[in-house]
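Got the viewer open? Here is a short walk through the model, one selection at a time.

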Amino acid sequence: MPRSSRVTTAIARDFSEFRTAVSESFVPLHVTSERPDPFRGRIRSTDVDDIHVSEVNAGEHTVERTPELIARGDRHYFKLSLQLSGTGLLIQDNREAILLPGDVAVYDTNRPYSLVFDDDFRTMVVMFPKHLIDLPSDVVGQLTAVRMSGSEGVGRMIVPFLSQLVGNLDQLGGATGTRLVHSALDLVTTMFSSELDLERGSANPHQALMQRVRSYIDANLASTDLGPNQIAAAHFISTRHLHGLFQAEGTTVSTWIRTRRLERCRRDLLNPVYAHRPVAAVASRWGFVDAAHFSRVFKAAYGVAPSELRARAAAGA
């Protein structure tokens, strides 16, 4: 039998308890209500591979992420909200999105935002580190506080999956839960790309080219020849132009390649299907030819050695 995930349930019998539960479940937030008495709220949540999935049921209140609260933390997350019942208003980056049941929106915990709920509601919230999504932060930043419908386009396929995920939190344990939650993030990435029209390239030429370059890198991570020269040649641009594209996004070609390779290795190390493979073989599969170098950069990125991560995963399976 698969191991069930550890689901925690915070039941707030008054507004003070709910305010505390909100900040403890997510990031520090300022929570207010014009109708605090009586007040009832509930937050069911589970953590899967540093991804926090929760279901929030509550009454009227407002949530604010202020510059002062942002300054207290150093971890950068995106939060995805799926409205399940009732309505909500998300405000960030001078944009406002009114969310009805089935609507999805994303926001950045490292910039101020507000969430306003005028009546009883139920919502799904997925909070995840920015590096777990396959799009650069500035690209996702174009979608903050933008309503994405679950009743049209790719949303009609993705939103039901997300709804089933939050409805079965106790099934998200072990390797199966890890794969399901990462699949959800992959689907969300597809939804973002569709919303930005990146696949058809009708966005501005810079974005369209960068999307093709990032897709090419992901498809060729296993190649030890993958580098600026190969990438530039494949896209009929100069290496100088390629470096400029990544520099404009605050990174480098080599950093992006290394980050994508490390994430693929991390997923394989957590997957019991590959438990029989030596760590060096996992690293080699994704383009790391020097096992010692791989271990150093992996620990620098995730704060734990590859073998230790695998051991922890096995112990918790």
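Before the first stop, one cut-off: a residue is called buried when its relative accessible area is under 20%, and exposed when that value is over 50%. Keep in mind, too, that you are looking at a predicted model.

**Stop 1: F15 and F39.** Select these two rings together. They make an aromatic pair of the edge-to-face kind, with 5.1 Å from centre to centre and 80° between the planes. Now colour by secondary structure: F15 belongs to helix α1 (residues 15–25), while F39 is in the loop between β2 (30–32) and β3 (41–48), so this pair ties together parts that are 24 residues apart in sequence. Are the two rings buried or exposed? F39 has a relative accessible area of 3%, so F39 is buried. F15 is buried as well, at 8%.

**Stop 2: F117 and F121.** Jump to this second aromatic pair, which is stacked: the planes are 5° apart and the centres 3.7 Å apart. Switch on a surface and check each ring in turn. F117 has 6% relative accessibility and counts as buried. F121 is buried too, with a relative accessible area of 4%.

**Stop 3: a cluster of rings.** Next, pick F288, F294, F298 and Y302, and show their side chains. These residues form one aromatic cluster. How many aromatic pairs does the count come to? The total is eight.

**Stop 4: lysines over rings.** Time to look for charges. Select K79 with F26: K79 lies over the face of the F26 ring, 4.3 Å from its centre. Then select K130 with F78, where K130 lies over the face of the ring at 5.1 Å from the ring centre.

**Stop 5: D37.** Go back to the loop between β2 and β3, which is where D37 sits. You have already met F39 in that loop. What sets the label for D37 here? Its relative accessibility is 71%, so D37 counts as exposed, whereas F39 is buried. Leave D37 selected and add A281, then draw a distance between their C-alpha atoms: they are separated by 59 Å, and these positions lie 244 residues apart along the chain.

**Stop 6: residues 211–312.** Finish by selecting this whole span. An unreviewed UniProt entry lists it as "domain: HTH araC/xylS-type". In the model, the span is 68% helix and 0% strand. Mark its two end C-alpha atoms as well, and you'll find them 35 Å apart.

Methods: Residues numbered from 1 in each chain as written. Predicted model: local features only at pLDDT ≥ 70, side-chain atom pairs only at ≥ 80, totals over all residues. Heavy atoms only, no water. Phe/Tyr/Trp six-rings, centres within 6.5 Å; stacked < 30°, edge-to-face > 60°. Helix = DSSP H or I, 4+ residues; strand = E, 2+ residues; numbered from the N terminus. Buried < 20%, exposed > 50% of the residue type's maximum accessible area, 1.4 Å probe, protein only. Lys NZ or Arg CZ within 6 Å of the ring centre and 35° of its normal. UniProt positions renumbered as here; feature names shortened; annotations may be inferred.
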